[in-house]
Amino acid sequence: MEKRRGIKVLLFLLAFVGCFSLLPQQLWAKSKEMTISQADVYLPDISVYMETADGKACGKDEVKAKISDTGVSLTVKSSDIFSDTDRGIYYHVLLDISTSIRADQFDAMKKSILALKKKIRKKDRLSVITFGKEVKEAADGNSSYGELSKVLSKIKQEKGTHLYEGINTITEQVNAQKDKEIKKEVKAENSMRNIGIILTDWQEIKDAGGITSQEESLKSLQETGTPLYGFCLKTAKDTLQDDMGAFLRKTGGSFQIFNEGKKDTQLTDLNKERLKDNVLLIHSSSNKTYDEEKVLELEAGEETVKKEHLYLNRAQSDSKKPTITSVKQKGKDAKTIVVTFSEDVLSADNKNNYSILRGGKHTYTVSEATYTSDNEKYQAKLVLNDKLVKGKYTVETHNIVDNTNEENPLDASWSGELDGEGAFKAFYTSLGKFWAIILAIIVFAVLLGIYLYIRKHRGIMVVQDKMVLGDKMEQKKHIKSDQSTTKNVILSVSGIAADEKEMAVQINGSIIIGRASFCDIYFDDLKMSGQHFALLVQNGDIFLSDLNSTNGTFVDGKPVEAGPEVTVPVANGSTIEAGSVTFVIRW
């Protein structure tokens, strides 16, 4: 019984786990945890190195970046796993040679350095700096494995600890490496990544000799963007371990206990992790440097990470002048134009820094100017005091410079065509206000004369689609006959809609059919005249008269002679055509 119950519980758990695994990943998967370990600044480019929980690179389009208190626009150019790039790593290893370290521990530390040297790639570099009574560069980054092995075998321990001076030596090496890359014009995406490693027991830190303080050495690492990864001997006191860990984390590095039993793998494991890092190449809209530290913030999906102690202190020189790449009228509003610049600029939001000329003569005043820089789009929106008209324009600028250390002035002006508001407005503007007033007076006088003439002749009326002076018009009346009677007929109408329609009509003497609304029956048909034809009843018979229509009237396919005095008989079932409309009359 118990065995069966155990089997049921096991099956239930397997089913639960199976159902859970079928759920959409976003419902149970952890978010991509990110940590920024390093930011290498060479403006306008910034290389950012991140550790991600899943070991995958963020998509460059899903990452948004910004730097505090700068106003610069940042664009993520690429996002890759470090090992997939052409970059190398330069390891600056700081080895504590003080006598407070046991001989077996000291030997294990040297062997761990050799193990790292053996595992790094050809494009990577490793230098060794020793610190004790003095600070020395024991081996540079070009030393071979054999050369490094000989150097390490000859290093002896000594009393004293100049720890912070040793850390400063790392930053001196980093600066020298960066200066070398600048001289060779190495692109940011191919630059070396500098990483510091320290092997120490963190002893004598409070009474360390030398002229460098802890704060100065920390700032030097932060200013060069160099993380320091520390391996502390387990014999060190807890308070020293805590102090060391706090220091390392402020650089972007991390703290580990050095394990002599893992001397062949501990540093190489660090190398493996760094090769998995996600490296972002970020381009800034400005190469402007700052003395004070900033904060870099990255947002990827719902996760936001920050890199504090960012120093924008190294930049490429920029001698290229900005230009106006385009000027476009915005929408249908002929009073607004958008000026696009080749790069981020300053003072583009000052309305007094623009001159807008049409044909080199007419000048527009800018009443409002706003500027935006986003995703490598640098645009000023200018609202003018008057509407543009079609013509050739010149946009000149004053006191606008690029947002760089050099503040290069804007190069030249822009000339081109703008659509404006149209030809009539252009004619109005070309006359100038004075001549426009004279033209308006002339037009007013002509219109007044026409009005008085029409009024004298009792106005204008439209008859048969023609304008006729009122005193010259003979008013059309229904055709009357002494023998007129009333007759009811059915008109089947087609040609003005998809379906044929029937309408019952009573002819009381006569009716007029046409396009004018005062007709007895009227249609919205441009081919039909205002008063097109009349139907009249005489002695019980029906006759038709064409009322001088423009396009004529047809009865059973035969044209009807125009004139109200002419009548033709209409038989039961006859077809009448007028304009686009066809009638079949029955009674």
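Reply: Ala, Val, Leu, Ile, Met, Phe, Trp, Tyr, Cys and Pro count as nonpolar; Asp, Glu, Lys and Arg count as charged; the others, Gly among them, count as polar. Keep that in hand for the linings. Note too that this is a predicted model.

Me: How do I read a pocket, and how much space lies in the largest pocket here?

Reply: Start with the general idea. Rolling a probe the size of a water molecule over the atoms shows where empty space is left. In this model, the largest pocket holds about 360 Å³ of space.

Me: Which residues lie nearest the centre of the largest pocket?

Reply: Look for Tyr90, Arg125, Asn142, Gln177 and Lys180. They belong to a lining of 16 residues. Now apply the classes: the lining has 7 charged, 5 polar and 4 nonpolar residues.

Me: Which element gives the largest share of that lining?

Reply: Helix α5, residues 163-183, with 5 residues. A general point on helices helps here. An α-helix has 3.6 residues a turn, so residues three or four places apart point the same way.

Me: How many residues does α5 have, and what is its reach?

Reply: It has 21 residues. From first C-alpha to last, α5 reaches 31 Å, close to the 30 Å expected at 1.5 Å a residue.

Me: What about enclosed space: how many cavities of 30 Å³ or more does a search find?

Reply: A cavity is space where a 1.4 Å probe fits but cannot get out. The search of the whole structure finds 2. In the largest cavity there is about 130 Å³ of space. Its lining has 14 residues, with Asp40, Tyr42, Glu181, Ala188 and Ser191 closest to the centre. β1 (34-42), β2 (45-52) and α5 each supply at least two lining residues. By class, that lining has 6 nonpolar, 6 charged and 2 polar residues.

Me: Which backbone angles should I check?

Reply: Phi and omega. Most residues other than glycine have a negative phi, and most peptide bonds are trans. Now the cases here. Glu185, just after α5, has a positive phi of about 55°. Asp69 also has a positive phi, near 55°. Asp69 sits in the loop between β3 (63-67) and β4 (74-81). Leu43 and Pro44 are joined by a cis peptide bond, with omega about 10°. Pro44 is in the loop between β1 and β2.

Me: Last feature: at what angle do helix α3 and helix α8 cross?

Reply: Roughly 35°. The axes of α3 (residues 103-119) and α8 (residues 266-275) come within 7 Å. Ser112, Ile113, Ala115, Leu116 and Lys119 of α3 make the contact with Leu267, Thr268 and Asn271 of α8. Those residues divide into 4 nonpolar, 3 polar and 1 charged. The crossing is right-handed.

Technical notes: Residues are numbered from 1 along each chain as its sequence is written. This is a predicted model: local features need pLDDT of at least 70, side-chain atom pairs count only at pLDDT 80 or more; totals for chains, interfaces and linings use all residues. Side-chain values use heavy atoms; hydrogens and water are left out. On a 1 Å grid over the protein atoms alone, a cavity is a set of points where a 1.4 Å probe fits but cannot get out, and a pocket is an open set with protein on both sides within 12 Å along at least five of seven lines; lining residues have an atom within 4 Å of a point. Grid points are joined across faces, edges and corners, and a volume is the space filled by probe spheres set on the points. Helices (H or I, at least four residues) and strands (E, at least two) are DSSP runs, numbered from the N terminus. Axes are lines fitted to C-alpha atoms, for helices over the stretch in contact, and angles run from 0 to 180 degrees between N-to-C directions. A crossing is left-handed if the near helix is turned anticlockwise from the far one by less than a right angle, and right-handed if clockwise. Contact means heavy atoms within 4.5 Å. The expected span of a helix is 1.5 Å times one less than its number of residues.
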